[in-house]
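Reader: Could you take me slowly through the charged side-chain pairs of this model, saying how open each partner is to its surroundings? Please then follow the thread outward to whatever else helps me place them.

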Amino acid sequence: MQDLTTLARSCGRHGEVVLRRRGTGDDAVDELIVNGAFAMDSVETGSERALAAFAAPGSRVLVGGLGLGFTVAELLDGHVASIDLVELEGALVTWAYEAKTPRLGRVAADPRVRLWVDDIRTVLAATGVEPQPPWDAILLDVDNGPDFLIHAENADLYRLPTLEQAYAQLCPGGVLAIWCQGPHAGLWSAVRALTSASREDRRRAVRGRHRIDYVIYSARAPDRGRQQ
Ligand SMILES: C[S@@+](CC[C@H](N)C(=O)[O-])C[C@H]1O[C@@H](n2cnc3c(N)ncnc32)[C@H](O)[C@@H]1O
């Protein structure tokens, strides 16, 4: 059996958050538990990294959900200009500043990244709180999707009123992209209601003998001066 080490643990308003490591050395796997539920680990992170591909080099990006920092690290490697990262769990942001894992430490140390502790829904509602819009890309990976929520309150994030708020905060030509654990007709319908420039990108991640057919939904704002 592999060693299981708790790197950090916190219990707050939104439930229990645990960062832990399975195994040691090069084979070690980091795991994140959010609200008492398994959120992700570092075994297969292609889908987290695929979300970053929606932001072009030089972009100003808003990201919802820090997790283990894979999306943000990929954005940094992709030479974006700046990242506003909004994370619900203050403890996770603290652990990033404390470099509890090398990747979280790298994210917190990069001068292009500003870490905000907030509910992404509050930021998308644009009530004058920091960080301020607009962004070239808004990337949301805060929960599994409407069918399989870790936080019940996140259901709103996948509905048209919140998606409209997010879409309204894009620069001309900007893109809103939402990670989802599988195809979801209701979410796809809401994304299509934003613009005809919407996409449902179905992808497959392979994890041992398991296949995960995840989806990234996206909606692109019209370029300045162009009729949609
Ligand atoms: C699956 S993880 C994100 C994974 C991340 N893309 C990565 O590359 O590691 C989801 C993250 O979203 C955070 N989260 C959940 N609900 C949120 C909300 N409403 N606002 C901001 N962050 C939220 C969780 O605490 C967790 O850190």
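Author: Glu16 has a relative accessible area of 28%, so it falls between the limits of 20% and 50% and is classed as partly exposed; as with everything that follows, this value belongs to a predicted model and was computed from it. The side chain of Glu16 forms a salt bridge with that of Arg9, with 2.5 Å between nitrogen and oxygen. Arg9 reaches a relative accessible area of 52%, and because this is over 50% the residue counts as exposed. In general, side chains of opposite charge can pair when their charged atoms come close.

A second pair brings together the side chains of Glu31 and Arg20, whose salt bridge has a distance of 2.6 Å from N to O. This contact links distant parts of the chain, since Glu31 sits in strand E3 and Arg20 in strand E2, which covers residues 15-22, and the two residues are eleven apart. Glu31 has a relative accessibility of 5%, which is under 20%, so this acidic partner is buried. Arg20, by contrast, is partly exposed, with a relative accessible area of 25%.

The third pair is that of Asp110 and Arg112, joined by a salt bridge of 3.1 Å, again taken from N to O. Asp110 is buried at a relative accessible area of 15%, whereas Arg112 is partly exposed at 25%. Beyond the individual pairs, salt bridges with shared partners join Arg20, Arg22, Glu31, Asp41 and Arg207 into one network, so the contact between Glu31 and Arg20 should be read as part of that network. Over the whole structure, the count of salt bridges comes to 17.

Charged residues also appear in the lining of the largest pocket, which holds about 810 Å³ of space. This pocket is lined by 40 residues, and those closest to its centre are Ala39, Met40, Glu48, Asp141 and Asn144. By character, the lining divides into 20 nonpolar, ten polar and ten charged residues. Several elements supply at least two lining residues each, among them strand E3 (29-34), helix H1 (46-52), helix H2 (70-77) and strand E10 (198-207). Strand E4 (37-41) belongs to that group as well, and with four residues E4 provides the largest share of the lining.

The aromatic side chains offer another kind of contact, and the structure holds two aromatic pairs. One of them is formed by Trp179 and Tyr214, which are stacked, with 6.0 Å from centre to centre and 15 degrees between the planes. Because Trp179 lies in strand E9 (residues 170-180) and Tyr214 in strand E11 (residues 210-220), the pair ties together parts that are 35 residues apart in sequence. Both Trp179 and Tyr214 are buried.

Cysteines need a separate remark, since a disulfide is a covalent bond between the sulfur atoms of two cysteines. The count of disulfides here is zero. Cys171 is nevertheless buried at 15% relative accessibility, and Cys180 is also buried, at 2%.

The backbone, finally, has a few places that deserve a careful check. The peptide bond from Glu130 to Pro131 is cis, with omega near 0 degrees, and Pro131 belongs to the loop between helix H5 (120-124) and strand E8 (135-140). The bond from Pro133 to Pro134 is cis too, with omega near 5 degrees, and Pro134 is likewise placed in the loop between H5 and E8. His79, a residue other than glycine, has a positive phi near 65 degrees; His79 is located in the loop between H2 and E6, and at 57% relative accessibility it is exposed. Ala99, also not a glycine, has a positive phi of about 50 degrees. The position of Ala99 is in the loop between helix H3 (90-97) and helix H4 (102-109), where the residue is partly exposed, with a relative accessible area of 43%.

Key: Residues are numbered from 1 along each chain as its sequence is written. This is a predicted model: local features need pLDDT of at least 70, side-chain atom pairs count only at pLDDT 80 or more; totals for chains, interfaces and linings use all residues. Side-chain values use heavy atoms; hydrogens and water are left out. A disulfide is a pair of cysteine sulfur atoms within 2.5 Å. Buried means under 20% relative accessible area, exposed over 50%, partly exposed in between (1.4 Å probe, protein chains only). On a 1 Å grid over the protein atoms alone, a cavity is a set of points where a 1.4 Å probe fits but cannot get out, and a pocket is an open set with protein on both sides within 12 Å along at least five of seven lines; lining residues have an atom within 4 Å of a point. Grid points are joined across faces, edges and corners, and a volume is the space filled by probe spheres set on the points. Ala, Val, Leu, Ile, Met, Phe, Trp, Tyr, Cys and Pro count as nonpolar, Asp, Glu, Lys and Arg as charged, and the others, Gly among them, as polar. A salt bridge is a side-chain nitrogen of Lys or Arg within 4 Å of a carboxyl oxygen of Asp or Glu. Rings of Phe, Tyr and Trp (its six-membered ring) pair if their centres lie within 6.5 Å; planes under 30 degrees apart count as stacked, over 60 as edge-to-face and the rest as tilted.
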